[in-house]
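Visitor: I would like to go through this model step by step, taking the strands before the loops and helices. Could you guide me?

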Amino acid sequence: MNAKKTWCGAAIFAAVLLFFTLVSPALFALEKTDKDRKEERFFQLFQYVFSFVENNYVDEVDPKVLYEGAMKGMLDSLKDPYTTYIDTESILGLSLKDTTNGSFGGVGLSITKPLDSTPEKPAWVEVASPIEDTPGWKAGIQPGDLILSIDGVSTAEITMEEVLDRLRGAVGTDVVVQIRRGKKMEFPVTLKRALIEVPTVKFAMMPNGIGYLRIIEFTPLTAERVQEALDSFKAAGYKSLLIDLRNNPGGLITSVVDVADKFIDKGVIVSTRSRISYENREFNASPAKTTFKPQVPVVVLINKGSASASEILAGALKDYRLAYLVGETSYGKGSVQQIIDLLSGDAMKITMARYYTPSDANIDKLGIPPDREVLFPALTEAEEKALGELLQTTKLADFVADKPDLTGAQVDSFARELAKSYAVDVRVLKRLVMQEFYRTHLSPLYDIEYDIQLKAAVDILLKEDIPALLKTTKTVKELQDSAKPVVASDTASAKPAGQ
């Protein structure tokens, strides 16, 4: 009897589906567009599937489970890593709350994860940037590193929520991540979880009158802290400014606009565009808010960990030729997300618009190239293999364990000794030794001796004519246009291919 009822129900359901598929469009009002008719048709189909599964599935189903599954599937279908469903009681939801409040427990890594995993391209977790002074940062984890596993569990087949669940934990407990850097270098890293406070700005005067301003993330307090730094530099009589945006994962668009407004006295700082009219906005500079003297030379440091809001600042300063960019091409996140609260206490994070620099360039998936590229030494496959073998040992940790201080001579001597067993550039080994030392010691705000990008930026400020350099730079849009391929037309002339 039950089987008969089920088959009858299925037959009725199939008939209803067929009715709405074939007949219902003809019943809609004539003034409705094709898009309206499609939306209504699919919405009706969804309602019937939801109801049928709830009432006829072999086991009793909680409607909330069906709702959450439908929400996740719908948003995941957009193939946008920044658009996602957020159950506020999930690890992702709790992380969002904690980050908004200004602190959270974990290892201090800003990460991304592809939605799809295939044998050819596993969906391993990629590090976008480590947060400064956190366990991940002190361990030397770098932007672009892949996290292959967490405590032995592969990240390829688990969700981002499960990744966050495994990285979070009680303060003081350990988590082991397997890192892949480059093509062949793999090594484990043990991270001790800590209370992660969302940082914003650090600053100091460097020798030769250089004000060093490191913007770690754009929060509601960033603009205020940047102004404190500029006031401090002015009181110290600074001659030039170095803004370090490396590994800055972004933050609030309103915050970066307030910071940029201190340097730009007029014009568009950033614009956002969407098919939704109210998301089309221009953020303009105001002369009343400009506090920085334009005659002070500025160099901005960027790398592949500079993303989102940090790219807005770098792009605006570059487009107005107010700063010379040094380092490597930035991450390339040119989209704007909003968190929309839903009725069940949950939420969704959804991409609502794309942002454009003052020269009308969107940098999504492209990034901003520096005016002068400075890269850390690239490793050969043989060096990657040798370094991977070294990182499997405890030699670095053993060397720094009993040393309250570490001199340059000690680092150089130990690095050269390591080079006898591991065929790796001594400069790379010296940097690794210092990274290991800073895992257990207070790290300096900057380190010119081992940071070749920072050293290059300082040298440019001290030895070169920044205003003259800026006259030769291109805007972000000009760089994008010059990078487009050319195609031959029927008249044998060449023109840029369309976007």
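Visitor: In which sense do strand β3 and β4 pair?

Guide: The model is a predicted one, and in it β3 covers residues 109-112. Within this pair, I111 of β3 stands opposite V127 in β4. The two strands are joined over four bridges, and the sense of their pairing is antiparallel.

Visitor: Which residue is the bridge partner of E126 in β5?

Guide: Strand β5 spans residues 146-150 and pairs with β4 in the antiparallel sense, over two bridges. On the β5 side, the residue that bridges to E126 is L146.

Visitor: How many of the six residues of strand β4 are buried?

Guide: A residue is taken as buried when its relative accessible area is under 20%. Strand β4, residues 125-130, is largely enclosed by the rest of the structure, because the number of its six residues that are buried is five.

Visitor: What is the order of the six strands that form an open sheet?

Guide: The pairing in this open sheet is mixed, and its edge strands, each of which pairs on one side only, are β10 (201-206) and β19 (372-373). β10 pairs with β11 (residues 210-215) in the antiparallel sense over six bridges, with K202 standing opposite R214 in β11. Read across the sheet, the order is β10-β11-β12-β15-β16-β19.

Visitor: What angle does the direction of helix α8 make with that of β10?

Guide: Helix α8, which runs through residues 222-235, packs on the sheet and touches β10, β11 and β12 (240-244). Relative to the direction of β10, the direction of the helix makes an angle of about 10°.

Visitor: Is N303 buried or exposed?

Guide: N303 is placed in the loop between β15 (298-302) and α10. Leaving aside residues up to four places away in sequence, N303 touches P143, R246, N247, E328, T329, S330 and Y331. Its relative accessibility is 7%, and therefore N303 counts as buried.

Visitor: How far does the backbone nitrogen of G305 lie from a polar atom of the side chain of N303?

Guide: The pair in question joins the backbone of G305 to the side chain of N303. With 3.5 Å as the limit for a polar contact, the value to compare is the distance from the backbone nitrogen of G305 to that side-chain polar atom, which is 2.9 Å.

Visitor: Which residue just after α10 takes a positive phi?

Guide: Helix α10, residues 309-319, is mostly covered, with 11 of its 11 residues buried, among them I312, L313 and L317. Just after this helix there is a positive phi of about 55°, and the residue that takes it is R321.

Methods:
Residues numbered from 1 in each chain as written. Predicted model: local features only at pLDDT ≥ 70, side-chain atom pairs only at ≥ 80, totals over all residues. Heavy atoms only, no water. Buried < 20%, exposed > 50% of the residue type's maximum accessible area, 1.4 Å probe, protein only. Pairing = 2+ DSSP bridges. Contact = heavy atoms within 4.5 Å. Axes fitted to C-alpha atoms, helices over the stretch in contact; angles between N-to-C directions. Polar contact = N/O pair within 3.5 Å; in protein donor to acceptor, adjacent residues only side chain to side chain.
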